[in-house]
Every structure is written in C-alpha cells, then in structure tokens.
Amino acid sequence: MTMGATTSPTIDDRFENLLISPERVFEMLGKRRVGEVSFEQSEQGDARRLLLNVEKIAIENKRLQEKTEASYLESVSHQLHEVLLGEFTEQLSATDELVQTVLNLPENIGELLDALAVKACSVSKLEPIAATMPWLYDELIVIVNTPQFRRKDSRGRIIIVETLRTALSFLGIENLRTLIPSLILKRAMPQITDPHPLIKQKLTQYATGVALTAKRIASISGGSRNEAYTLGVLSNLGRCAVTRLYFKLFDKIQLHLLQECQKDKEQKRHEALLKIVPSANHLIAMQQEFADAVSADILEWMHLKRLPIASAMRACANKTPAERGTLCKALYQSRTYTQIRMLHQLKLVEMKDVKPLFNEQKFPNGALEKLKTIDIFTLPLVKNEENH
C-alpha cells in the first residue's frame with residue numbers, strides 16, 4: 001500500500017504510534033488532508049534525526065522560520081527539547097537513581113525476583129522480602145480479596161485476608177510467579193501522560209501480550225517458561241523509565257523557561273511556551289533510541305543470580321542476531337507477534353505486511369497456530385486450593 005509517492009509506514013512505526021494513540025495510526029494510514037505533511041517529513045522524523053545525533057545537539061533551527069505562529073511555536077518547542085534531551089541522557093545513565101526515584105522500585109527488587117525463580121520457592125522465603133515493600137502488600141491484599149480468590153470459612157462466611165502471609169498462601173506460588181513481575185511493572189508504569197492518556201493502558205496490554213507469548217513460545221521450544229515470561233514483562237521497564245522521565249523533564253524545563261521569560265519580559269516566547277504540550281513524536285523517537293538499552297541497564301543493576309535474563313535483554317538492546325530457542329529469540333518473536341496482534345485488533349495491518357515478518361522470525365513449528373487460540377492480554381491466574 002502506498003500513500004501517493006510515499007511508502008506506507010512500517011509495522012514498527014505503526015505500533016509505536018499505537019502505544020500513544022490509535023488515532024495517530026489511522027491518520028498515518030488514511031488520506032492526508034490538504035497541506036498535511038507526509039509521515040517522513042513530520043516532526044517525528046525531525047525528532048529521530050535529532051536523537052540520532054545526540055552528540056551534535058547544536059542549534060539547527062535554520063529551517064525554522066519565525067514568519068508564522070506555527071513556525072515560531074515549532075522553534076520554541078525545538079529549543080525546549082534540546083535542553084530536555086541533554087538532561088534526559090544524563091539522567092538515563094544514573095541507573096540507581098532511575099530505578100529508585102523515577103520508577104519507585106526498591107533496591108532489593110532483584111532479590112524478590114530471584115526468590116520467585118527458585119524451584120523450591122515458598123511463602124516463608126518470599127514473605128520477609130515482600131514485607132519490605134508496602135506497595136506490594138497493598139496490591140496483593142486487593143487481589144486476594146477479589147471474588148476470584150475469595151474463600152469462605154466452615155460457616156460459609158467470607159474470609160477477609162489482611163496479612164501478607166495469608167495473601168501469599170492463598171494466591172499460591174505459581175500465581176505469584178505471574179503476578180509479581182506484572183505488579184513490578186505496574187509500579188513502574190507512567191501514571192499521568194496528558195495529553196496522551198492511553199499510554200499506560202496500551203503499554204500494559206503490550207507487556208502482558210509479550211510476556212504470555214514468550215512463555216508459550218518457551219514451552220514449545222523447550223526453554224524456561226518463567227524466564228521467558230519474566231523477561232517479557234520486565235523488558236518494558238525501559239519504556240516506563242523513558243516515558244516517566246520525558247514527562248517529568250518536560251514539565252520541569254517548561255516551568256523553568258516560563259520563569260526565565262517572565263524575568264526577561266519575553267511575552268511572545270512566554271505565550272508560545274504555554275501552548276506547547278509534550279510531543280508524541282519526540283517520545284516515540286526516544287523510545288526507539290533508548291528504551292531497550294535502559295531495560296538492559298536496569299536488569300543488570302538488579303544483579304539477578306537465579307534468573308538469567310539480563311544478558312538476553314542486553315543482546316536484544318544491541319540488536320544481536322539470536323539463535324532459535326534462546327531467550328533473546330523468544331523476546332524478538334513475542335514482540336513481533338504481540339505488535340501485529342494489537343494492530344490487527346484495530347484493522348491497522350494487512351496479511352501481506354505480516355507474512356514477511358513472521359517468516360523472518362522463524363517461529364517454532366506450530367507456535368503461530370497455538371498462539372491464535374489463547375488470550376495473550378489477560379493474566380492466566382487460577383484459584384489456589386492447596387490450603388483450602
């Protein structure tokens with residue numbers, strides 16, 4: 001499919017825009033309005049060029065003329081994002097601060113994941129680690145008291161669970177291996193992303209899809225299902241960090257520049273700054289440039305001893321070709337499959353676009369047929385009756 005003299009946006013570009021807003025993809029694939037610039041000429045293209053030359057972030061505003069309000073706004077936005085990018089890359093390199101301050105995750109998060117990964121994992125081993133994380137207690141208590149896990153005593157009265165030990169016991173280790181990585185991601189997930197409110201919802205759907213697809217692929221190819229699932233979930237920590245940091249820095253730098261304008265009595269620039277909102281195009285470009293490397297940094301920072309997923313994430317970040325049956329290959333395959341399935345839900349992709357990507361990924365025999373039959377967007381939790 002072509003758009004005039006322009007090639008259709010790639011599956012990757014469609015998906016990255018879908019994570020921000022489905023409307024963006026509909027516009028990309030539809031007929032352009034009179035005067036609308038092509039996809040390649042858009043601000044997103046400019047943002048990518050800026051990011052690909054991070055070391056050369058000199059002012060490149062030659063092309064921006066201040067003849068109209070639109071061009072002036074673009075110029076001011078460009079300047080704001082140049083300042084933002086400098087701080088952004090600096091903060092990304094401080095992984096400890098990024099994990100604990102930006103993502104709000106504790107320093108012993110790796111210890112919790114290691115405890116879950118051991119075959120002999122038990123409630124008594126999990127409880128002292130989980131007890132150091134009040135947010136995790138809150139999440140588990142809510143879940144264990146839902147109708148799905150609710151239990152009754154001998155008199156038929158509903159048992160209200162209030163202690164961490166009981167919650168862990170009622171949920172069961174297998175459910176916890178599914179739940180806890182997902183709750184870690186939920187903790188890290190960006191909360192307020194106006195004017196793009198769907199980011200959290202779409203990213204949660206994507207992470208769940210990648211994780212459950214990777215788990216199924218691992219079971220077919222003989223790999224570790226738990227390792228594949230956990231990598232699938234946590235591979236999105238970089239996306240969470242990039243998104244949170246972008247919105248945080250945008251607000252901070254916009255406020256700083258507004259204060260400068262007030263001090264210097266620059267009314268025109270002040271009015272322009274007030275009109276500028278966080279840019280989906282810059283965010284997409286930052287995700288594509290940095291997210292996987294940040295995920296790898298975070299997993300290495302966790303110093304996982306029983307859950308060997310950091311090296312696979314680093315290989316993925318480096319775009320290293322992966323052999324069949326490896327964790328890295330399972331991640332590549334599950335990402336491709338989940339992206340296409342999410343696009344297909346909204347009829348944003350055609351089979352002729354899909355087949356070459358599936359062929360390139362070389363899925364295990366029978367995997368695509370089995371994946372069609374499962375819900376990859378809902379955690380498969382089951383009621384644990386061991387202690388009933």
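## Asp297 and Arg314

Asp297 is partly exposed, with a relative accessibility of 26%. In this predicted model, its salt-bridge partner is Arg314, and their closest N and O atoms lie 2.6 Å apart. The two residues sit 17 residues apart, linking distant parts of the chain: Asp297 belongs to helix α15 and Arg314 to helix α16 (residues 310-317). Arg314 has a relative accessibility of 21% and also counts as partly exposed, because the buried class takes in values under 20%.

## Asp292 and Arg335

Helix α15 takes part in another pairing, this time through Asp292. The side chain of Asp292 meets that of Arg335 in a salt bridge, at 2.8 Å from N to O. Asp292 is in helix α15 (residues 280-301) and Arg335 in helix α17 (residues 327-345), so the contact ties together parts of the chain that are 43 residues apart in sequence.

Are these two partners buried or partly exposed? Asp292 is partly exposed, at 22% relative accessible area, whereas Arg335 counts as buried, at 12%.

## A link from helix α13 to helix α1

Now for a pair that brings in the start of the chain. Arg239 forms a salt bridge with Glu16, with 2.7 Å between the closest N and O atoms. Arg239 lies in helix α13 (residues 237-264) and Glu16 in helix α1 (residues 11-20), so by sequence the partners are 223 residues apart. Both ends of this bridge are buried: Arg239 has a relative accessible area of 11%, and Glu16 has one of 5%.

## The wider set of salt bridges

How many salt bridges are there by this rule? The count comes to 13. Some of them share partners, and in this way Arg14, Glu350, Lys352 and Asp353 are joined into one network.

As a general reminder, side chains of opposite charge can pair when their charged atoms come close.

## The second largest pocket

Some of these residues turn up again around an open space. The second largest pocket holds about 730 Å³. Its lining is made up of 25 residues, and those closest to the centre are Asp12, Asp292, Lys319, Arg335 and Gln339. Asp292 and Arg335, then, are the salt-bridge partners described above.

Which helices supply at least two residues each to this lining? They are α1, α15, α16, α17 and α18 (351-361). Helix α15 gives the largest share, with seven residues. By residue type, the lining of the second largest pocket divides into 11 nonpolar, six polar and eight charged residues.

How values were computed
Residues numbered from 1 in each chain as written. Predicted model: local features only at pLDDT ≥ 70, side-chain atom pairs only at ≥ 80, totals over all residues. Heavy atoms only, no water. Salt bridge = Lys/Arg side-chain N within 4 Å of Asp/Glu carboxyl O. Helix = DSSP H or I, 4+ residues; strand = E, 2+ residues; numbered from the N terminus. Buried < 20%, exposed > 50% of the residue type's maximum accessible area, 1.4 Å probe, protein only. 1 Å grid on protein atoms, 1.4 Å probe; cavity = no way out; pocket = protein on both sides within 12 Å on 5 of 7 lines; lining within 4 Å. Points joined across faces, edges and corners; volume = space filled by probe spheres on them. Nonpolar A, V, L, I, M, F, W, Y, C, P; charged D, E, K, R; others polar.
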